[in-house]
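Here is a relaxed walk through one protein model for someone meeting it for the first time. Have the sequence and the 3D view open as you read.

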Amino acid sequence: MGNVQVLDHPLIQHKLSFIRDVNTGTKAFRELVDEVGMLMAYEVTRNLELEDVEIETPVTKATVKRLSGKKLAFIPILRAGLGMTTGILNLVPAARIGHVGLYRDPKTLEAVEYFVKLPQDIEEREIIVVDPMLATGASAIEAITSLKKRGAKHIRFMCLIAAPEGVEKLQAAHDDVDIFIAALDEKLDENAYIIPGLGDAGDRLFGTK
């Protein structure tokens, strides 16, 4: 069973409080989501493998640590996942970015795939799927299923806030995927919105209704 880790770093929690606030405007909301995306990526990549490399400093030769093994790919779920991507790339500029486009059917609440574009060597990469919210779990489950069908093997999921229902469903569907969240909220309401949540992340990021 994949682990669930709440990233309770004080800076993440501080910025998340403003992300939740209804009085935070589009510009500030966008900047904060970007910043928290970078901070979370720092934590999610904590266990990447290192190898010894010999270099020459201006003073002498030295053995130093550099990343080894599989390369990284971040896969935002469109459209809200885009809001976390720039901050991640500021931290890991060499990472590849793929995209999975999904929308939620308003009647069934199921995720429907409409777009997928991934790095060619997806099966060789460490994959981190990114979406601000994990509500019913439908979008995350469908995105990860789509990635696995295309050969992805090493997948983690990262989001700002999650409902217990979504975490449970994602674990049941993909028990090999570790889940990283900034906050585990109370529940879903009758419209499948996270309570207390932050509203609709996509609308608040892009100024839409």
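V53 sits in strand 2, which runs over residues 50-56. Keep in mind that this is a predicted model. If you skip the neighbours within four places in sequence, V53 is in contact with A62, T63, V64 and R66. For a sense of scale, pick out N3 as well: V53 and N3 are 50 residues apart in sequence, and their C-alpha atoms are 31 Å apart in space.

Next, look at A41, which belongs to helix 2 (residues 26-44). Is A41 buried or exposed? A41 is buried, because its relative accessible area is 0%, and buried means under 20%. Leaving out residues up to four places away in sequence, A41 touches F74, I88, L91 and M158. Another pair to try in the viewer is A41 and F18, which are 23 residues apart along the chain and have C-alpha atoms separated by 19 Å.

F18 turns up again around T24. T24 is placed in the loop between helix 1 (10-20) and helix 2. With a relative accessibility of 13%, T24 counts as buried. Its contacts, not counting neighbours within four places in sequence, are F18, F29, L32 and R204.

Now for the largest pocket. Its volume is about 610 Å³. Which residues come closest to its centre? Out of the 26 residues lining this pocket, those closest to the centre are A80, R104, D131, S139 and D200. Several elements give two or more residues to the lining: strand 4 (72-78), strand 6, strand 9 (133-134), helix 4 (138-149) and helix 6. Sorted by class, the lining has 17 nonpolar, 5 polar and 4 charged residues.

There is also a record to compare with the pocket. The unreviewed UniProt entry carries a "binding site" annotation that covers I194, G199, D200 and A201. Of these residues, I194, G199, D200 and A201 are included in the lining of the largest pocket.

Two of these annotated residues are worth a closer look. I194 lies in strand 13 (residues 194-195) and is buried, with a relative accessible area of 5%. Setting aside neighbours within four places in sequence, I194 is in contact with M133, L134, A135, I161, A162, A163, D185, K187 and L188. G199 lies in the loop between strand 13 and helix 6 (201-206). At 35% relative accessibility, G199 counts as partly exposed. With the same neighbours set aside, the contacts of G199 are M133 and Y193. M133 is therefore a contact of both I194 and G199.

On to the backbone. In general, most residues other than glycine have a negative phi, and most peptide bonds are trans. This model has some departures to look up. A cis peptide bond joins L78 and R79, with omega about 0 degrees, and R79 lies in the loop between strand 4 and helix 3 (85-91). Another cis peptide bond joins I195 and P196, again with omega about 0 degrees. P196 is found in the loop between strand 13 and helix 6. Then there is A192, which has a positive phi of about 65 degrees although it is not a glycine. A192 is in the loop between strand 12 (187-188) and strand 13, and at 8% relative accessibility it counts as buried.

How many aromatic pairs does a search of the whole structure find? The search finds 1 aromatic pair. The partners are Y103 and Y114, with their ring centres 6.4 Å apart and 35 degrees between the planes, which makes the pair tilted. The pair links distant parts of the chain, with Y103 in strand 6 (residues 99-104) and Y114 in strand 7 (residues 111-117), 11 residues apart. Y103 is partly exposed, with a relative accessible area of 44%, and Y114 is also partly exposed, at 49% relative accessibility.

To finish, here are some of the accessibility values side by side.

| Residue | Relative accessible area | Class |
|---|---|---|
| A41 | 0% | buried |
| I194 | 5% | buried |
| A192 | 8% | buried |
| T24 | 13% | buried |
| G199 | 35% | partly exposed |
| Y103 | 44% | partly exposed |
| Y114 | 49% | partly exposed |

How values were computed:
Residues are numbered from 1 along each chain as its sequence is written. This is a predicted model: local features need pLDDT of at least 70, side-chain atom pairs count only at pLDDT 80 or more; totals for chains, interfaces and linings use all residues. Side-chain values use heavy atoms; hydrogens and water are left out. UniProt positions are given in the numbering used here, feature names are shortened, and annotations may be inferred rather than shown by experiment. On a 1 Å grid over the protein atoms alone, a cavity is a set of points where a 1.4 Å probe fits but cannot get out, and a pocket is an open set with protein on both sides within 12 Å along at least five of seven lines; lining residues have an atom within 4 Å of a point. Helices (H or I, at least four residues) and strands (E, at least two) are DSSP runs, numbered from the N terminus. Buried means under 20% relative accessible area, exposed over 50%, partly exposed in between (1.4 Å probe, protein chains only). Contact means heavy atoms within 4.5 Å. Rings of Phe, Tyr and Trp (its six-membered ring) pair if their centres lie within 6.5 Å; planes under 30 degrees apart count as stacked, over 60 as edge-to-face and the rest as tilted. Grid points are joined across faces, edges and corners, and a volume is the space filled by probe spheres set on the points. Ala, Val, Leu, Ile, Met, Phe, Trp, Tyr, Cys and Pro count as nonpolar, Asp, Glu, Lys and Arg as charged, and the others, Gly among them, as polar.
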